[in-house]
Amino acid sequence: MSLPITSLSLLSRLRDEGDHAGWQVSWKRFLELYHGPLMAMAASIYRHHTGNAVPPQEAIEDVVATVVVDFFKRDRYDPERGRLRTYLRVLTNARIVDMLRKEKPLDHESMTAGGDALAESLPAESPEEGRSFQQALLATLIEDLREHIPLRQFEIFEMVKLKGMSPDQAAAELGVHRGVIDNSIYKVMIRLREIAASPEYQEEYYESSSF
Amino acid sequence: MNHPLFKPTEDPLSPREEAEITQELADAYRQNEASEKQPEFRRIVENVRKQIQQENKK
């Protein structure tokens, strides 16, 4: 299986190769990038199974932590077989259902059904989940960009495009001509679009997909 | 499926498209930078650590 070396595939590779040190670093980084969408997924799925009850914060955090451990423990996610966002939603749904069963399932009047039917009832993605996942994916793209361009170019891109500094300010701060800044930004934007053109980004970005 | 970020690289971005991409990236960057400071994030990290330690003891 040949995949582009992006952060998304790097996560799978670290896990697959059993690289313990890499594993330790990658779960934390994964959590930094994806805890927002995971929280949104868990809250939305909880509301779906409980007739719109307010999700308890502590329980939702516990579900997110368990999903992250599951994601890195289980060797099931294969980017060639489906989208990351779908896989994470299925894992999150399973953990929410487990949690509700441990509580008193019959107290949740609007639970659609018991047993397997409940586990299979994966709600449609909420707009909040979609937005949060897209934002996490863009942060992943920035991570990939950092790994694929010279440090100096990333520094210039970060100052001007990500932190909003003017090109003239960046040139003065770095002690370079304005042309160096413009040239670097031009090159980085091309590289950014090349990385974004990889199928995994396009497949993951949109809420509904034919992939 | 027509977000400007995913336009073919041979098609130049208009200034408006580049500004749109820049704004979205900057928002994602800020959000990500801020995430480590959120109490909920730190609690989840600790929760994951505990679960990993329990797994390692098995």
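Asn52(A) is exposed in this predicted model, because no more than 12 other C-beta atoms may surround an exposed residue within 10 Å and Asn52(A) has 10 of them. The residue lies in the loop between H2 and helix H3 (57-73) of chain A, and its phi angle is near 75°, a positive value in a residue other than glycine.

The chain to which this loop belongs is built from helices, its secondary structure coming to 10 helices and zero strands. Read from the N terminus on, the elements of chain A therefore run α-α-α-α-α-α-α-α-α-α. Of the 211 residues of chain A, 36% count as buried, and among contacts between residues at least 6 apart in sequence, 71% join residues that are at least 24 apart.

The largest nonpolar core holds 54 residues, of which Leu38(A), Ala42(A), Val64(A), Val67(A) and Val68(A) touch the most other members. Helix H2 (residues 20-49) of chain A gives the most to this core, contributing 13 residues, and at least three residues are drawn from each of domain 1 (1-124) and domain 2 (149-211) of chain A. In soluble globular proteins, nonpolar side chains tend to be buried together. For Leu38(A), once its neighbours within four places in sequence are left aside, the contacts are with Val64(A), Val67(A), Leu88(A) and Thr92(A).

Two of these partners, Leu88(A) and Thr92(A), are also among the buried residues of H4(A), which include Leu84(A), Arg85(A), Leu91(A), Ile96(A), Val97(A) and Leu100(A) as well. Helix H4 (residues 84-102) of chain A has 19 residues, which at 1.5 Å a residue should span 27 Å, and the distance of 27 Å between its end C-alpha atoms agrees with this expectation. Met99(A), which has its place in helix H4 of chain A, is partly exposed, with 18 other C-beta atoms within 10 Å, a number that falls short of the 20 or more required of a buried residue. When residues up to four places away in sequence are not counted, Met99(A) touches Ala59(A) and Val63(A). Met99(A) and Asp70(A), 29 residues apart in sequence, are 15 Å apart in space from C-alpha to C-alpha.

A further residue considered here is Arg191(A), which lies in helix H9 (residues 178-196) of chain A. With 18 C-beta neighbours inside 10 Å, Arg191(A) counts as partly exposed. Its contacts, leaving aside neighbours within four places in sequence, are with Leu145(A), His148(A) and Ile149(A). Between Arg191(A) and Lys161(A), which are 30 residues apart in sequence, the distance from C-alpha to C-alpha is 14 Å.

The contact between the two chains takes 30 residues from chain A and 26 residues from chain B. On the side of chain B that touches chain A, the elements giving two or more residues are helix H1 (15-35) and helix H2 (39-57) of chain B, and the residues of this side divide into 12 nonpolar, eight polar and six charged. As for the confidence of the prediction, the mean pLDDT of chain B is 90, with 98% of its residues reaching 70 or more, while the predictor gives the complex an ipTM of 0.90 and a pTM of 0.83.

Key: Residues are numbered from 1 along each chain as its sequence is written. Chains are lettered from A and ligands numbered from 1 in the order in which they are written. This is a predicted model: local features need pLDDT of at least 70, side-chain atom pairs count only at pLDDT 80 or more; totals for chains, interfaces and linings use all residues. A nonpolar core is a set of buried Ala, Val, Leu, Ile, Met, Phe, Trp, Tyr and Cys residues joined through C-beta atoms within 7 Å. Helices (H or I, at least four residues) and strands (E, at least two) are DSSP runs, numbered from the N terminus. Domain bounds come from an automatic or database domain assignment. Two residues are in contact if their C-beta atoms, placed from the backbone, lie within 7 Å. pLDDT is the predictor's confidence in each residue, from 0 to 100. The expected span of a helix is 1.5 Å times one less than its number of residues. Ala, Val, Leu, Ile, Met, Phe, Trp, Tyr, Cys and Pro count as nonpolar, Asp, Glu, Lys and Arg as charged, and the others, Gly among them, as polar.
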